[in-house]
Amino acid sequence: MEQINLNVKYLTALSDAEAELLNQFKGEWINQDDSLSVNVHILYSTSSELEDNYEIKTISTTDNEMTLTQDFDADFVIHLKLNDLHHLSYQVMNLKAIGSSQPFILEKG
C-alpha cells in the first residue's frame with residue numbers, strides 16, 4: 001500500500017467555517033482496493049524535522065475543497081474535495097498543465 005502523509009500547516013487567518021472544514025479533512029483516508037492511504041495531519045506550527053509539509057493554497061467552504069502546495073515546489077498542487085463525511089477525492093495536479101493524476105475516491109479509515 002502506498003502511504004502518503006500530508007502535514008497541513010494551519011493558518012490562523014481562517015474563518016470558523018474554514019477551520020471546521022479543515023478539521024473534517026483530518027485523519028486517514030483509504031481507497032477501496034487498499035492500494036493508497038492518505039494521512040492528513042493538521043499542524044498549528046510546522047517543525048523543520050517533519051517532511052511532507054504543505055500549506056493551504058485555497059480553501060472553499062462552498063465547494064468543500066482545498067488545494068495544498070509545498071514551499072519548495074510550486075509546480076503542483078494536491079486537490080482534496082470532501083464528498084461527504086466518509087469520502088473524499090484526492091488528486092495531484094500539475095500547474096504547468098503537463099498532466100494530473102487520476103482522482104482517487106478515498107474512504108475514512
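# Close-up views of a predicted model

**View A. Strands 2 and 3 run antiparallel, side by side.** Strand 2, which covers residues 27-31, pairs with strand 3, residues 36-43, in the antiparallel sense, and four bridges join the two. Keep in mind that everything pictured here is a predicted model. To find one of the bridges, start at isoleucine 30: its bridge partner in strand 3 is serine 37.

**View B. Here's the whole chain, before we zoom in again.** Count the elements and you get one helix and eight strands. Starting from the N terminus, they come in the order β-α-β-β-β-β-β-β-β. How compact is the chain for its length? Its radius of gyration is 13 Å, close to the 13 Å that the globule rule gives for 109 residues, so the chain is as compact as a globular protein of that length. Along its principal axes, the C-alpha trace spans about 35 × 30 × 30 Å. Of the 109 residues, 37% are buried. Now take the contacts with a separation of 6 or more: 46% of them come from residues 24 or more positions apart.

**View C. Eight strands close up into a barrel.** Going around, the order is 1-3-2-8-7-6-5-4, and the pairing is mixed. On average, neighbouring strands of this sheet are turned by 35° against each other, direction ignored. Strand 1 is a handy place to look at two pairings. With strand 3, strand 1 runs parallel, and eight bridges join them. One bridge to look for links lysine 9 to leucine 43 in strand 3. Strand 1 also runs parallel to strand 4, with two bridges between them. Here asparagine 7 has asparagine 53 in strand 4 as its bridge partner.

**View D. Strands 4 and 5 make a hairpin.** These two strands pair in the antiparallel sense over five bridges. Among the residues involved, isoleucine 59 has methionine 66 in strand 5 as its bridge partner. Between the two strands sit four residues, and asparagine 64 in the turn has a positive phi of about 55°.

**View E. Helix 1 has a buried side and an exposed side.** Which residues of helix 1 (residues 16-25) are buried? They are Ala19, Leu21, Leu22 and Phe25. Look down the helix axis and these buried residues fall within an arc of 160°, so they line one face of the helix. Turned away from that buried side is a face with the exposed residues Asp16 and Glu20. Follow the chain just past helix 1 and you reach glycine 27, which takes a positive phi of about 125°.

**View F. Phenylalanine 25 is buried in helix 1.** This residue lies in helix 1. Is phenylalanine 25 buried or exposed? Its relative accessibility is 0%, so it counts as buried. Leaving out residues up to four places away in sequence, phenylalanine 25 touches Val40, Asn64, Glu65, Met66, Leu80, Lys81, Leu82 and Leu88. Take leucine 80 from that list: it is 55 residues away from phenylalanine 25 in sequence, yet the two C-alpha atoms are 8.2 Å apart in space.

**View G. Leucine 80 sits in the largest nonpolar core.** This core has 26 residues, and the ones with the most contacts inside it are Leu6, Leu22, Val40, Leu68, Leu80 and Tyr90. Many elements chip in: strand 1 (2-9), helix 1, strand 3, strand 4 (53-60), strand 5 (65-69), strand 6 (76-84) and strand 7 (87-94) each supply at least two residues of this core. What does leucine 80 contact, leaving aside its neighbours within four places in sequence? You'll find Leu6, Phe25, Val40, Asn64, Glu65, Met66, Leu68, Leu88, Ser89 and Tyr90.

**View H. Asparagine 39 is a buried residue of strand 3.** You'll find asparagine 39 in strand 3. Its relative accessible area is 15%, so asparagine 39 counts as buried, since the cut-off for that is under 20%. What does asparagine 39 touch, not counting residues up to four places away in sequence? Its contacts are Ile4, Asn5, Leu6, Gly27 and Glu28. Two of these names have come up already: Leu6 is listed among the core residues with the most contacts, and glycine 27 comes just after helix 1.

Conventions
Residues numbered from 1 in each chain as written. Predicted model: local features only at pLDDT ≥ 70, side-chain atom pairs only at ≥ 80, totals over all residues. Heavy atoms only, no water. Pairing = 2+ DSSP bridges. Axes fitted to C-alpha atoms, helices over the stretch in contact; angles between N-to-C directions. Buried < 20%, exposed > 50% of the residue type's maximum accessible area, 1.4 Å probe, protein only. Contact = heavy atoms within 4.5 Å. Arc of directions from axis to C-beta. Core = buried A, V, L, I, M, F, W, Y, C linked by side-chain atoms within 4.5 Å. Rg over C-alpha atoms; globule rule 2.2 N^0.38 Å.
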